[in-house]
Amino acid sequence: MKKRELDLVLLAESFKAIAHPDRIRILALLEPKSKINISVTELCDQLKLAQPEVSRHLGILKNKGILVFERSGSNVYYSINRTNVIFNCIENLFSKKLL
């Protein structure tokens, strides 16, 4: 598969991964321009969702390379992966204050 075709496949898979209102809300909380890392607990509190549901959404985003995580003790902190092919799309979406 050519690089351009592979990039398009990865981009389509990334769009599928964010195609859920709660996952878009998670990305909005992680604001692409900031370097903020947010814990699962903080996301649950802000989204008003149960921990298993938030963890499921985070897992989908992480598995597609949209999010990265860092462990600190018993906490896991998430941030947007700025090297993912979809990062520029996410950044543009939130810079226009559409959400």
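This report describes the salt bridges and one nonpolar surface patch of a predicted model.

The model is predicted, so local features need pLDDT of at least 70 and side-chain atom pairs count only at pLDDT 80 or more, whereas totals for chains, interfaces and linings use all residues. Residues are numbered from 1 along each chain as its sequence is written, and side-chain values use heavy atoms, with hydrogens and water left out.

**Salt bridges**

A salt bridge is defined here as a side-chain nitrogen of Lys or Arg within 4 Å of a carboxyl oxygen of Asp or Glu. By this rule the count is three salt bridges. Helices (H or I, at least four residues) and strands (E, at least two) are DSSP runs numbered from the N terminus.

| Salt bridge | N to O distance |
|---|---|
| Lys16 and Glu13 | 3.3 Å |
| Lys64 and Glu13 | 3.3 Å |
| Asp22 and Arg25 | 3.0 Å |

Glu13 and Lys16 both belong to helix α1 (residues 3-18), where they are three residues apart, about one turn of the helix. Glu13 also meets Lys64 in a salt bridge. That pair links distant parts of the chain, since Lys64 lies in the loop between α4 (51-63) and β2 (67-72), 51 residues apart from Glu13 in helix α1.

The bridge of Asp22 with Arg25 lies within helix α2 (residues 21-29), its partners being three residues apart, about one turn of the helix. Salt bridges that share partners join Glu13, Lys16 and Lys64 into one network.

**Accessibility of the partners**

Residues are classed as buried (under 20% relative accessible area), exposed (over 50%) or partly exposed (in between), using a 1.4 Å probe and protein chains only. Within the network, Lys16 counts as exposed because its relative accessibility is 56%. Glu13 is partly exposed, with a relative accessible area of 26%, and Lys64 is partly exposed at 39%. In helix α2, Asp22 is buried because its relative accessible area is 10%, while Arg25 is partly exposed at 35%.

**Nonpolar surface patch**

Patches consist of residues with over 30% relative accessible area and no salt bridge; like charges are joined within 9 Å, and nonpolar side chains (Val, Leu, Ile, Met, Phe, Trp, Tyr) within 5 Å. Accessible areas come from the Shrake-Rupley method with a 1.4 Å probe, and for residues only the protein chains shown count as cover. Met1, Leu6, Val9 and Leu10 make a nonpolar surface patch of about 390 Å². Of these residues, Val9 is found in helix α1 and counts as partly exposed at 39% relative accessibility.
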